[in-house]
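Biologist: Please take one part of this model, the surroundings of its aromatic rings, and describe it closely, together with the charged side chains and whatever bears on how far the coordinates can be trusted.

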Amino acid sequence: MEEEMRGVELYHTLLSEMLDLLAAADAERSPGEGYGGMILIVRRSIGELRAAMEPFVDRDAEMAFFRGVWPVFYGKLFYYLLLHEFELDRLGIPAVALPELIGRGEREVLLFFWRNRDFWQYYKTGSSLIAEQFTRVYSDGCMFDPLCQVIDREWATVASYRAARGLAYEEYQHFLQLEKERAANPSTVGDRRRYEWKEGKTAAVEWIKAQVEAGSIYIDGKPATAVQLRADFEARYGEDLKDFDKLLYATDTRKKDQTPYLTKLMNAFVGRKERLGK
């Protein structure tokens, strides 16, 4: 039992480290760069997973690994391979052909889930009806499945491969949906990095309202309103500014510094000049 718990902790640690590295790599990735860096990260993590693998204590441990661990790591590998191929194809087509590229990906996803609908339903619900399929002995008996002739029988099962493909296609389907929405609304197309607002909501209100009052931003030739900039802010940073008016009113009652965030920005800019000796 202790050995099994140590194994679970190890897999969890490796997975957590891999996801952190992927997030950092994605934040640094330039649009159109591709996903080669992510693929390398996942491959290294899989190598570490395999090196740490020890003989299974029993059949249940074997099924748990090939059902709950192996597909998660390889699912990420297959997912980034799909994204990398999509980006390479995107570079070779005109913008008007993007919807067809997205449609081709969606058809590929649908075909997989149609062909594996029963297996996927049992897998996602955790059904014990397919538990046996996640053993290497079962894979050896899949004589009419070409995968059983090419996979490493000590390191993979046919079922774990199918599960990994399903996890990858689930993520890929979400990616394609976002691409479809961006294609339908070109004004939203741009940097797909994840932005985070590290200041408070009151600071956001102060910043947005200052831009409106200064007339700093125009939309379609007209000065942007607070409502428009608020919607853009919420979409970009994932922040909810439903109390915008209440927070704005609170700024009007300040007694000391009435614009603390704008003051912070000004001090940061001046501080840069002082730091550089300018």
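Modeller: A charge is taken to sit over a ring if NZ of Lys or CZ of Arg is within 6 Å of the ring centre and within 35 degrees of the ring normal. With that in hand, the charged end of Arg117 sits over the ring of Trp114, at 4.9 Å from the centre of that ring, and the charged end of Arg165 sits over the ring of Phe78, likewise 4.9 Å from the ring centre. Please keep in mind throughout that this is a predicted model.

As for the rings themselves, 22 aromatic pairs are found in the structure. One of them joins Phe112 to Tyr169: the ring centres are 5.0 Å apart and the planes lie at 40°, and the pair is therefore described as tilted. This pair ties together distant parts of the chain, since Phe112 belongs to helix 5 (residues 98-115) and Tyr169 to helix 9 (residues 158-184), with their positions 57 residues apart. Phe112 has a relative accessibility of 13% and so counts as buried, and Tyr169, at 5%, counts as buried as well. The two rings also belong to a wider group, for Phe112, Phe113, Phe119, Trp120, Tyr123, Phe134 and Tyr169 form one aromatic cluster.

The loop that follows helix 5 adds a polar element to this picture. Asn116 is located in the loop between helix 5 and helix 6, and its relative accessible area of 12% is why Asn116 counts as buried. The side chain of Asn116 reaches back to the backbone oxygen of Phe112, at 2.8 Å, so that Phe112, whose ring is paired with that of Tyr169, is approached through its backbone by a buried polar side chain. Beyond helix 6 (117-124), Ser127 is placed in the loop leading to helix 7 (136-140). Ser127 has a relative accessible area of 16%, and it is therefore buried. Once its neighbours within four places in sequence are set aside, Ser127 is in contact with Arg67 and Tyr122.

Turning to the charged side chains, it helps to recall that side chains of opposite charge can pair when their charged atoms come close. The structure holds 10 salt bridges. In one of them the side chains of Arg59 and Glu132 meet, with a nitrogen-to-oxygen distance of 1.9 Å. That salt bridge spans distant parts of the chain, with Arg59 in helix 3 (residues 59-68) and Glu132 in the loop between helix 6 and helix 7, 73 residues apart. Arg59, with a relative accessible area of 43%, is partly exposed, and Glu132, at 35%, is partly exposed too.

Helix 5 takes part in further salt bridges. The side chains of Arg104 and Asp89 meet at 3.0 Å, N to O, which connects helix 5, where Arg104 lies, with helix 4 (residues 70-91), where Asp89 lies, across 15 residues of sequence. Arg104 is partly exposed at 45% relative accessibility, and Asp89 is partly exposed at 27%. The side chains of Lys180 and Glu106 likewise meet in a salt bridge, at 2.9 Å from N to O, and here Lys180 of helix 9 is joined to Glu106 of helix 5 over a separation of 74 residues. Lys180 counts as partly exposed at 36% relative accessibility, as does Glu106 at 22%. Helix 5 and helix 9 are thus linked by the ring pair of Phe112 and Tyr169 and also by the salt bridge of Lys180 and Glu106. Elsewhere, Glu87, Arg90 and Glu179 are connected in a network of salt bridges.

These details belong to a protein chain with 13 helices and two strands. Of its 278 residues, 36% count as buried, and among contacts with a separation of 6 or more, 69% are between residues 24 or more positions apart.

On confidence, the protein chain has an average pLDDT of 82, and 85% of its residues score at least 70. Among the elements of the chain, helix 5 has the highest mean pLDDT, 94, whereas helix 8 (residues 147-150) has the lowest, 64. Over residues 1-5 the pLDDT stays under 50, and the model has one contact beyond four places in sequence for that stretch. Where pLDDT is low, the predicted coordinates should not be read in detail.

Technical notes: Residues are numbered from 1 along each chain as its sequence is written. This is a predicted model: local features need pLDDT of at least 70, side-chain atom pairs count only at pLDDT 80 or more; totals for chains, interfaces and linings use all residues. Side-chain values use heavy atoms; hydrogens and water are left out. Rings of Phe, Tyr and Trp (its six-membered ring) pair if their centres lie within 6.5 Å; planes under 30 degrees apart count as stacked, over 60 as edge-to-face and the rest as tilted. Helices (H or I, at least four residues) and strands (E, at least two) are DSSP runs, numbered from the N terminus. Buried means under 20% relative accessible area, exposed over 50%, partly exposed in between (1.4 Å probe, protein chains only). Contact means heavy atoms within 4.5 Å. A salt bridge is a side-chain nitrogen of Lys or Arg within 4 Å of a carboxyl oxygen of Asp or Glu. pLDDT is the predictor's confidence in each residue, from 0 to 100. A polar contact is a pair of N or O atoms within 3.5 Å; within protein, one must be able to donate a hydrogen and the other to accept it, and residues adjacent in sequence count only if both atoms are side-chain atoms.
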